[in-house]
Amino acid sequence: MTGATSNHDKWYFGHPAVWLLAPFSLLFFFITALRRVLYKVGVKRAYKPNAPVIVVGNISVGGNGKTPVVLALAEYYSSIGLKVGILSRGYGGKSDFYPRLVTHTDKASEVGDEPRLLAGRSGCDVVIDPKRARGAKYLADELHCDVIICDDGLQHYALHRDVELVVMDDRKVGSGYLLPMGPLREGQWRLGLVDALIHNARNMPTFDNAVAPQFLMTLVANKFVNVVDPTITHDASEFAYSSCSAIAGIGSPARFFQQLKHMGLNLTNTFPMPDHHAYDASDIPRGTVLMTEKDAVKVKDFAHEDCWYLPVEAHLAADFYTLINTKLAQAGLAQVKNR
């Protein structure tokens, strides 16, 4: 796995060999640019649901920390009395029907790991649908949600959005090349058109081009939770003198492993997996195993009793929510006008 991760990093940050893919990136550029133009001139029309939409996405492939942001937004707007709906494509799941309302008992293999996690943590209605416009309509018209938070989908222009947020980690835009040469779904120019950038990083990064207002996100770790029996929790100090293995099937496994080391844990083995990895029992090492919450929802059925996951919460500055409230008020959401 270490070699595979190294090769991924070489691609992500622009190994010279990626220039062999330049013709395909040029084709990708023309196709995506044409698609944007068709929506802009009205040949293709975006569906506007009967509720404002906040899109939490990114311009690069792979995980950057969107899920904690979605949860933070859901908690905030639920706390002020709004009925929040969360919309996801359901990537990694194979459901027999759509739109599908996700429950905390659904299998991640059917609904996707992130929607399953969101349903278990948020207490909100979570709907999956590859056709996001259809899913948004279901949330607004059938479930009567006041606001819809779309997990990913920044490039899904078929759904109208009132707020666009981009989440980035310390890898920023990588090489800056478009797919498949590099990790970008859209050019860096897009960072100047969204409403805010949220950085899952220790320090505020700088950019050569103009970008939207920027905010740092702090991920606060809670107690470790036992995968088999979630009523059992441990502080990090209870693992401090143990030999632990760590697994992570997220966009940047190294970031999770580094977090554990900063907590004073002794990691004897680390097993980076591809994002959205479909686990089986052979992937779980013996002994104490630490993982992310996204991994836990996929391994619960075959995890052993010494498997633990680390829930995290995103903390964002008050002026971030003020900015989003202003945008939602402009979209007609009266409940946020005085916030």
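Asp 169 counts as buried, at 1% relative accessibility (buried means under 20% relative accessible area, exposed over 50%, partly exposed in between; 1.4 Å probe, protein chains only). This is a predicted model, where local features need pLDDT of at least 70 and side-chain atom pairs count only at pLDDT 80 or more, while totals for chains, interfaces and linings use all residues. Residues are numbered from 1 along each chain as its sequence is written, and side-chain values use heavy atoms, with hydrogens and water left out.

**Exercise 1. Find the salt-bridge partner of Asp 169, and say whether that partner is buried or exposed.**

Step 1. Asp 169 meets the side chain of Arg 171 in a salt bridge, 2.9 Å from N to O (the cut-off is a side-chain nitrogen of Lys or Arg within 4 Å of a carboxyl oxygen of Asp or Glu).

Step 2. Check the partner: Arg 171 is buried too, with a relative accessible area of 11%.

Step 3. Now look for pairs that share partners. Arg 36, Arg 161, Glu 164, Glu 186 and Arg 190 are joined this way into one network. The whole structure has 20 salt bridges.

**Exercise 2. Work out which parts of the chain are linked by the pairs Asp 301–Lys 107 and Lys 298–Asp 113.**

Step 1. Take Asp 301 and Lys 107, whose closest N and O atoms are 3.0 Å apart. Asp 301 sits in the loop between helix H8 (293–299) and strand E15 (307–310), and Lys 107 in the loop between strand E3 (100–102) and helix H4 (108–111), 194 residues away in sequence. Helices (H or I, at least four residues) and strands (E, at least two) are DSSP runs, numbered from the N terminus.

Step 2. Add the accessibilities. Asp 301 is exposed at 63%, and Lys 107 is partly exposed at 44%.

Step 3. Turn to Lys 298 and Asp 113, also a salt bridge, at 3.0 Å from N to O. Lys 298 belongs to H8 and Asp 113 to helix H5 (residues 113–122), so this pair ties together parts 185 residues apart in sequence. Here both ends are buried: Lys 298 at 16% and Asp 113 at 4%.

**Exercise 3. How many of the residues of H5 are buried?**

Step 1. Go through the helix: Asp 113, Glu 114, Pro 115, Arg 116, Leu 117, Leu 118 and Ala 119 are buried.

Step 2. That makes seven of ten, so H5 is largely enclosed by the rest of the structure.

Step 3. Look just past the end of H5, where Gly 123 takes a positive phi of about 75 degrees.

**Exercise 4. Where do the buried residues of H6 lie on the helix, and what do they pack against?**

Step 1. List the buried residues of H6 (132–142): Arg 132, Ala 133, Gly 135, Ala 136, Leu 139 and Ala 140.

Step 2. Look down the helix axis. These residues fall within an arc of 165 degrees, so they line one face of H6 (the arc is that of the directions from the axis to the C-beta atoms).

Step 3. Find the neighbours. The buried residues of H6 pack against strands E2 (84–88), E4 (125–128) and E5 (147–151), with contact meaning heavy atoms within 4.5 Å. His 144, which follows H6, also has a positive phi, near 55 degrees.

**Exercise 5. Why is Cys 145 not bonded to Cys 124?**

Step 1. Try the sulfur distance. The Cys 145 sulfur is 8.1 Å from that of Cys 124, its closest cysteine sulfur, and that is too far for a bond (a disulfide needs two cysteine sulfur atoms within 2.5 Å).

Step 2. Try Cys 307. Its nearest cysteine sulfur, in Cys 244, is 11 Å away, and Cys 307 is in no disulfide.

Step 3. Compare with the full search, which finds zero disulfides. Cys 145 is buried at 4% and Cys 307 at 0%.

**Exercise 6. Describe where Asp 170 sits and what it touches.**

Step 1. Place Asp 170 in the loop between strands E6 (163–169) and E7 (196–200). Asp 170 is exposed, at 58%.

Step 2. Leave out residues up to four places away in sequence, and Asp 170 touches Asn 200 and Ala 201.

Step 3. Compare C-alpha atoms: those of Asp 170 and Asn 64 are 8.8 Å apart, although 106 residues separate the two along the chain.
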